[in-house]
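Work through the exercises below with the model open beside you. Try each task before reading its solution.

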Amino acid sequence: MTTNSFSLSSSSSLFSSPLRPPAGGNLRRLLHFRQPLTITAAGATSSSVAFPKKKHWKQGEYPGFTEQTGSHNKKRTPIKNIKKKLDRKNNATAWVNTVTEALSDHIDKKQWLQALQVFKMLKEQPFYQLKESTYMKLLVLLGKCGQPGQAQQLFDTMIEEGLEPTTEFYTALVGAYCRSNIIDKAFTILHRMIELPYCQPDVYTYSILIKACVDASRFDLVESLYEQMADRSVVPNTVTQNIVLSGYGRAGKYEEMEKVLSGMLESTSSRPDIWTMNTILSLFGNKGQIEMMEKWYEKFRSFGIEPETRTFNILIGAYGKKRMYDKMSSVMEYMRKLSFPWTTSTYNNVIEAFSDIGDAKHMEYTFDQMRTEGVRADTKTFCCLIRGYANADLFPKVINTVQLAGKLEIPENTSFFNAVIYACAKAEDLVEMERVFKRMKDKQCRPDDTTYSVMVDAYRKEGMTDKIYDLEQEKQMMSASKFNDSVSGDEKQELMPT
């Protein structure tokens with residue numbers, strides 16, 4: 001093992017070392033293409049960002065706290081009593097508003113664990129009234145964060161507390177399981193919905209299930225769900241058809257894809273829209289089939305569907321992956337000409353294009369311009385930066401980038417930790433790789449196939465067969481745990497829709 005190591009764990013300089021400001025104060029070009037685009041920044045930006053700390057309440061300022069001052073022996077005038085009650089009510093209201101803002105902030109930042117902790121604190125207060133909207137936001141958040149078990153617990157707690165379940169709540173729970181690819185449990189909930197007269201599945205419920213089946217290439221279940229929808233007079237909408245279109249395309253079933261599209265053109269309830277266009281273009285763009293992508297772009301234009309910002313971002317991403325930088329630059333200039341804004345996705349696609357080939361120079365130029373224009377970076381931005389610096393063998397900059405992500409409060413998800421683990425593996429620092437892996441699990445981020453694949457490859461290069469065996473055993477245990485979480489006791493049912 002080489003000595004080219006760097007530290008990224010919580011016990012290292014990752015969370016303590018000061019950030020170095022980006023070098024260079026002169027104006028520089030972002031992309032050196034046939035039609036170059038220039039940076040309009042006035043200078044280099046500082047990489048340190050200060051965030052004001054929110055102060056909820058001081059010790060002893062709990063709204064319900066009152067000191068015993070011998071009130072039994074002293075009479076108070078009615079005016080003083082009223083004033084005291086009003087003050088206490090105002091203090092309580094201010095406290096609730098502050099904590100409610102904190103809850104909303106955690107939800108927006110996809111910090112599910114902190115959101116649940118604040119929500120638990122809020123529920124314990126006698127003056128707080130439970131709201132269905134809060135439960136819905138938390139259910140959706142837990143689904144997006146890959147926490148179906150937590151979503152189920154929250155749903156059960158909601159029922160125990162007397163809130164009536166609705167189709168929307170059940171659909172959110174179905175979505176939580178589908179996002180984690182626990183399809184059998186999702187179908188169990190579907191059967192339960194059918195049995196409840198006031199919680200009947202709707203087109204959104206079926207669309208979520210169809211997407212999960214499409215992602216798992218279970219097209220037999222897709223057909224069965226379509227039949228069930230027809231029996232229950234649930235009409236597929238454009239979203240449903242777009243999901244199936246995407247699935248057929250990814251599976252290479254182009255004839256079936258064109259049949260669905262033809263049906264959409266003849267339909268009154270599911271006409272092709274901009275999402276249909278984006279779905280098809282993204283499909284061929286991700287496969288690197290540029291000619292097919294351009295052909296379908298022109299075809300959708302002939303249908304009268306005009307491109308939007310996301311459409312151009314898809315084109316930019318596809319050209320970037322094929323290193324067609326001249327076309328990528330042309331699309332970006334065309335966006336400027338039509339007054340389409342460059343979004344986070346636009347910059348991410350450009351950064352990713354340079355990241356894949358380890359072009360740190362152009363990657364940094366793009367990131368600098370992104371920050372200069374005030375476009376907010378997200379988790380994908382930092383994943384691309386970390387991988388790009390690793391591909392360029394600039395491992396100290398990996399550390400700086402992870403530190404910057406922490407200062408900007410970028411959500412740490414599975415993809416983020418995978419990028420850091422990849423960087424550790426590239427640096428052949430297996431000790432630090434293991435520390436990051438442990439931190440990943442401590443942060444409740446479930447490792448995926450990419451995580452294990454990168455680590456196994458790193459161990460294989462060093463001939464560490466015992467470590468490989470341990471990882472494979474852990475992966476099997478994780479899969480078994482995931483299955484046990486999804487199906488319990490007499491809940492095991494036939495998966496096919498009835």
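## Exercise 1: Cysteines

Cys213 has 0% relative accessibility, so it counts as buried (buried is under 20% relative accessible area, exposed over 50%, partly exposed in between, with a 1.4 Å probe and protein chains only). This is a predicted model: local features need pLDDT of at least 70, side-chain atom pairs count only at pLDDT 80 or more, and totals for chains, interfaces and linings use all residues. Residues are numbered from 1 along each chain as its sequence is written, and side-chain values use heavy atoms, with hydrogens and water left out.

Task: explain why the sulfur of Cys213 forms no bond with the closest cysteine sulfur.

Solution.
- Take the cut-off: a disulfide is a pair of cysteine sulfur atoms within 2.5 Å.
- The closest cysteine sulfur to that of Cys213 belongs to Cys178, at 7.2 Å, so it is too far for a bond.
- Cys384 is buried because its relative accessibility is 7%.
- Its closest cysteine sulfur, in Cys383, lies 6.8 Å away, too far for a bond.
- By this rule, the count is zero disulfides.

## Exercise 2: Positive phi

Task: place Ser233 and Glu409, and state whether each is buried, partly exposed or exposed.

Solution.
- Helices are DSSP runs of H or I, at least four residues, numbered from the N terminus.
- Ser233 sits in the loop between helix H8 (219-231) and helix H9 (238-250).
- Its phi is positive, about 60 degrees, though Ser233 is not a glycine.
- Ser233 counts as exposed because its relative accessibility is 63%.
- Glu409 sits in the loop between helix H18 (395-407) and helix H19 (414-426).
- Phi of Glu409 is also positive, near 55 degrees, in a residue other than glycine.
- At 31% relative accessibility, Glu409 counts as partly exposed.

Conventions
Helix = DSSP H or I, 4+ residues; strand = E, 2+ residues; numbered from the N terminus.
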